[in-house]
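Biologist: Please take a close look at a single part of this model, and go through it in one connected account. I would like to know what holds it together and what surrounds it.

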Amino acid sequence: MGLTGFFLISFLIVHCTINAMIFFNDGGQTFNHWGHFMGSNFFIRTFEIGLFIGLILHIIQGLILWRQNVKARPVNYAVNKPQTNSTWYSRSMGLLGTLLLLFLVMHLYHFWLPSRFGGMANVAVLETTTLGDYANQEAHNLYKAMLTVFQELWVVIVYVLGVISLFWHLLHGFQSAFQTFGLNHKKYTPIIKTVGFIFSLLICLLFAAMPVSIYAGWIN
Ligand code: HEM
């Protein structure tokens, strides 16, 4: 679980960095340039297959772990105060992961599906004037897709809720992955927890800022 977790974290870093190019507010030139590179590069397309396999493995591993926990203690403790030795989010990784999965289904439907399998019908309504070289390449115009998708308030709210689930999931997952690899040390674990907190916060603030600033009209 730790290994697939690290793999998914590395994807999130790349995904967030490329998406953050929208903050250049240059009509999508920089973002679409890198989006196009990612979408057309052979190695990255191969990595994409690995990404989906990694995601499915991560979910299966989570389910196996959950079953093992249930089997190990079929009868509940008579007295149980979990809050004294664990955080609520470490005990809710399954729930947070499920919320994330629901978010992902909608997310892939919004962007990945139309960009890989064509028919960006929902995008056609936008003006194409400010989009430079990519203005007429519907299939690669992910910037335009973002501007369209984030015009609806309820979509923005679902994305922000999805990112909040990601924050708590990462907060526990980051530190837990190190522990899985045997790194549980009086001196280093607090440092890993601090780095994990800063990382989770930064990634999630950046992700949340994307739909919010597009909806607010700060990016156009
Ligand atoms: C909230 C801000 C986000 C925005 C604006 C955004 C935007 C995008 C866009 C435009 C694509 C299409 C890329 C392509 O087809 O080439 C994409 C794909 C994807 N996103 Fe996001 N994303 C966001 C957050 C997230 C989060 C939080 C996750 C994971 C928890 C995630 C996971 C994915 C995955 C798995 C793909 C498909 C991967 C691929 O294209 O190879 N995204 N996203």
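**Cysteines, iron site and the ligand shell**

Modeller: C16 is buried, its relative accessible area being 3%. The model is a predicted one, and every value below is computed from it. C204 is buried as well, with a relative accessible area of 5%. Which cysteine sulfur is nearest to that of C16, and how far away is it? The sulfur of C204 is the nearest, at 8.2 Å, and C16 takes part in no disulfide. Seen from the other side, the cysteine sulfur closest to that of C204 is in C16, and 8.2 Å is too far for a bond. The cut-off for a disulfide is 2.5 Å between the sulfur atoms. The structure as a whole holds zero disulfides.

A link of another kind is found at the metal. Which residues coordinate the iron atom of the ligand? H15 and H107 do, each through NE2, at 1.9 to 2.0 Å. The site has six donor atoms, with angles of 88 to 179 degrees among them, and its geometry is octahedral. H15 belongs to helix α1 (residues 2–19) and H107 to helix α5 (residues 93–117), so the two histidines tie together parts that lie 92 residues apart in sequence. Their accessibility can be set side by side: H15 is partly exposed, at 23% relative accessibility, whereas H107 is buried, at 16%. The limit that places them is 20% relative accessible area, under which a residue counts as buried.

Around the ligand there are 21 residues, and those that come nearest are H15, N19, E48, H107 and S115. Some side chains also place polar atoms beside the ligand. An N or O atom in the side chain of E48 is 2.6 Å from an oxygen atom of the ligand. For R116, a polar side-chain atom lies 3.2 Å from a ligand oxygen. H15 appears here too, with a side-chain N or O atom 2.9 Å from a nitrogen atom of the ligand.

Which helix gives the largest share of the shell? That helix is α5, with eight residues. At least two residues each come from α1, α3 (42–72), α5, α6 and α7.

Of these contributors, α6 deserves a separate word. Helix α6 covers residues 142–149, and eight of its eight residues are buried, so the rest of the structure largely encloses this helix. Those residues are L142, Y143, K144, A145, M146, L147, T148 and V149. Their cover includes α1, α2 (29–40), α5, α7 (153–180) and α8 (188–215). Thus α1 and α5, which carry the two iron-coordinating histidines, are also among the elements covering α6.

As for the setting, the protein has eight helices and zero strands, and its pattern along the sequence reads α-α-α-α-α-α-α-α. The C-alpha atoms fill a box of roughly 65 × 35 × 35 Å along the principal axes. Of the 220 residues, 35% count as buried. Among contacts with a separation of 6 or more, 75% are between residues 24 or more positions apart.

Key:
Residues numbered from 1 in each chain as written. Predicted model: local features only at pLDDT ≥ 70, side-chain atom pairs only at ≥ 80, totals over all residues. Heavy atoms only, no water. Donors = N, O, S within 2.8 Å, 3.2 Å for Na, K, Ca; no water. Tetrahedral: all angles 85-135°; square planar, octahedral: opposite > 155°, others 65-115°. Helix = DSSP H or I, 4+ residues; strand = E, 2+ residues; numbered from the N terminus. Buried < 20%, exposed > 50% of the residue type's maximum accessible area, 1.4 Å probe, protein only. Contact = heavy atoms within 4.5 Å. Near = heavy atom within 4 Å. Polar contact = N/O pair within 3.5 Å; in protein donor to acceptor, adjacent residues only side chain to side chain.
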